[in-house]
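Let's take a walk through this structure together, starting with how two helices pack and then turning to the DNA.

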There are 2 protein chains.
Amino acid sequence: MHLRAGRPTIKEVATAAGVSTQTVSRVINKRPDVSPETRKRVQTVIEELKYRPSALARSLIQQRSYTLGVVTAGLRFIGPSRTLSGITKAAEEKGYSLLLKELPQFDTAEITPIFQALHDRHVDGIIWAVAEVGDNRKWINHHSLETSIPMVYLAMEPRQDVLVVSIDNYLGAQMAVRHLFQQGYKHIGHIAGPMDWWEAQQRMKGWEAVLAEAKMQPDVHHWVEGNWSSASGAQAIEKLLIQYPEMDAVFVGNDQMALGVMQVAAQKGRRIPEDLGVVGFDDIPESAFFFPPLTTIQQDQYRIGKVAVEQIIQIIESNLDGLESEHSNSFILSPTPVVRQSSLRIKEVS
Amino acid sequence: MHLRAGRPTIKEVATAAGVSTQTVSRVINKRPDVSPETRKRVQTVIEELKYRPSALARSLIQQRSYTLGVVTAGLRFIGPSRTLSGITKAAEEKGYSLLLKELPQFDTAEITPIFQALHDRHVDGIIWAVAEVGDNRKWINHHSLETSIPMVYLAMEPRQDVLVVSIDNYLGAQMAVRHLFQQGYKHIGHIAGPMDWWEAQQRMKGWEAVLAEAKMQPDVHHWVEGNWSSASGAQAIEKLLIQYPEMDAVFVGNDQMALGVMQVAAQKGRRIPEDLGVVGFDDIPESAFFFPPLTTIQQDQYRIGKVAVEQIIQIIESNLDGLESEHSNSFILSPTPVVRQSSLRIKEVS
DNA sequence: CTGAAAGCGCTAACAC
DNA sequence: GTGTTAGCGCTTTCAG
């Protein structure tokens with residue numbers, strides 16, 4: 001008995017069990033048409049040899065890889081990572097593997113090599129988990145014709161003929177601002193994310209919409225653009241305090257920027273929530289431990305990942321049945337407000 | 001002209017160009033032994049047909065997939081995500097693809113299916129990017145015999161015959177505590193991570209070592225165990241303030257827990273850094289915007305990922321040359337202190 | 001119930 | 001320079 005190099009093949013198993021490779025194939029695929037004795041004998045050999053069928057060879061002949069391509073960006077941020085986590089869990093459950101690519105920037109122009117790499121490896125579907133920034137979606141129509149690989153897009157504006165899974169950022173922003181009004185705040189400013197992000201635009205529009213409901217004109221001095229970072233939040237609030245002195249509350253585009261806001265407010269002796277109400281967006285785990293704890297709009301990024309996987313697999317499998325895609329083409333998930341101290345001016349009646 | 005189903009094959013390219021598949025193969029692999037005219041003709045056909053060689057078929061025959069398996073856990077936390085980001089970047093540069101698996105827990109017992117899935121897909125190497133917790137490494141010796149796939153382990157205790165890439169947590173903790181002594185603090189407590197984590201143990205040992213240098217006995221009342229979360233940090237500091245009343249500084253096992261510490265300190269009117277010096281670990285992006293900004297020990301998780309990829313690829317490629325692995329078997333990267341306000345009791349002489 | 005032949009898309013080894 | 005043959009490890013016919 002000596003150590004073999006490499007992995008045992010189906011042929012070796014067949015020889016050792018005294019059957020043909022077909023029969024081994026039938027056993028490993030749990031086909032019914034094998035006699036119990038044969039099956040058992042083959043299985044024994046498989047275990048002895050520690051044989052494992054090659055997924056590569058299978059993919060080649062079946063034209064099916066049970067692999068999904070995932071394209072992400074900004075894994076250094078917690079949002080994309082949580083989404084990815086939802087994707088890994090769902091894929092695992094469904095028996096799919098994941099081929100991961102990370103774009104160097106959110107608006108990387110060179111996406112062709114990414115597609116090629118995934119296509120070359122025969123992925124059955126692609127999850128485009130990159131936020132919509134600027135015109136980084138302009139290639140969609142162009143591209144979806146070229147390749148026939150099913151795709152699902154996350155965090156972008158729903159559009160015709162494309163499967164999209166997103167959070168309702170517009171609704172979330174409305175929730176935030178309405179909550180501030182309910183708490184008796186009158187002058188609500190906004191610190192937006194970078195305006196080339198679709199999500200930042202949506203959140204801003206939600207803020208504007210609720211102001212309009214309250215018959216208030218959103219003024220250009222009532223908001224400032226940030227870049228999602230705490231540093232930009234700090235800078236933004238400095239500006240805003242000057243250019244909008246009546247402001248008594250602020251809806252901030254994400255929790256990180258809200259942290260910067262709270263730091264500056266503390267330095268300037270502005271009490272939160274008494275002098276300044278603050279609401280963030282995302283509900284990062286730390287936000288409950290800001291000082292004071294931050295009211296925010298929770299988005300379930302994990303669930304987005306899960307839904308994306310489930311949807312794309314459904315498309316893949318219905319395509320196989322020759323059914324032409326007949327699915328609803330967008331999933332807009334609702335966020336949930338999480339009320340904490342930073343916006344509670346009124347004692348809540350419980 | 002009609003739409004073909006599926007992808008064009010090398011055979012179709014060969015026919016269309018009037019050459020053999022072998023010649024096409026030579027062209028796509030940029031072999032020198034093809035006449036300029038033939039090469040050009042073939043290339044034209046390739047572009048017209050939008051032909052792309054199948055990485056699957058190649059992997060099968062070359063016994064080489066140019067794919068790395070990555071096993072991670074806790075992607076909902078920022079640390080593992082940053083490491084993963086380093087891995088994606090480095091892999092991209094080196095021309096490798098990534099097959100991603102996430103364990104449901106850090107100490108998942110059932111790792112065999114993970115290995116099988118990666119092995120089935122012929123990964124050339126595996127990056128085990130799961131922190132060492134409890135005895136979740138006990139399978140190492142057992143397993144590395146079974147499979148001959150090269151592996152690299154992250155965030156674990158270096159050991160013989162295994163390639164490890166880690167941060168020097170012990171050194172980092174020493175840096176933190178020495179810094180506090182330099183700032184004139186005398187009674188330094190510790191809030192540890194969960195003690196079944198190797199990294200938490202190392203950080204605690206670093207704290208103990210510096211206390212010992214200063215001829216101080218680390219007492220059981222001078223530290224409390226947390227679980228990395230801000231909530232546990234908040235609880236821990238409450239306890240510590242009671243059981244160690246002389247304490248004037250605390251070294252906290254990570255930045256999240258330090259956030260909880262600062263929240264409680266603020267509530268109790270303990271001024272930071274005057275009454276209580278605080279140092280964290282990790283340098284998460286938010287820590288610069290805590291109130292006050294947090295002194296912490298930075299670990300470059302991104303770089304860990306990068307080094308891991310580079311090392312495993314080196315092993316893969318030297319194995320191919322038949323060289324038996326003759327590498328140093330651990331990389332211990334040094335962390336960097338980042339001094340901010342939370343520990344600055346003395347005006348720094350610049 | 002089982003096996004033989006063919007082939008998924010590609011490349012290594014050899015001819016010429 | 002280029003083509004032929006064989007085969008990576010598996011599954012899909014189709015016989016028997």
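Helix axes here are lines fitted to C-alpha atoms over the stretch in contact, and angles run from 0 to 180 degrees between N-to-C directions. Helices are DSSP runs (H or I, at least four residues), numbered from the N terminus. This is a predicted model, in which local features need pLDDT of at least 70 and side-chain atom pairs count only at pLDDT 80 or more, while totals for chains, interfaces and linings use all residues. Residues are numbered from 1 along each chain as its sequence is written, and chains are lettered from A and ligands numbered from 1 in the order in which they are written.

In chain B, helix α8 (residues 169-182) packs against helix α9 (residues 198-213) at an angle of about 40°, with the axes 7 Å apart. That angle is why α8(B) counts as oblique to α9(B), a word for angles that are not under 35 degrees (roughly parallel), over 145 (roughly antiparallel) or 65 to 115 (roughly perpendicular). Among the residues making the contact (C-beta atoms, placed from the backbone, within 7 Å) are B:Leu171 and B:Val177 of α8(B) and B:Trp207 and B:Val210 of α9(B).

Now for the DNA. Around strand D there are 25 residues, and A:Ile10, A:Ser25, A:Ala57, B:Gln22 and B:Ile61 come nearest; near means a C-beta atom, placed from the backbone, within 6 Å. The largest share of that surface, 5 residues, comes from α4(A).

DNA strand C is also surrounded by 25 residues, the closest being A:Thr38, A:Ile61, B:Ile10, B:Ser25 and B:Ala57. Here α4(B) gives the largest share, 5 residues.

How values were computed:
Helix = DSSP H or I, 4+ residues; strand = E, 2+ residues; numbered from the N terminus. Contact = placed C-beta atoms within 7 Å.
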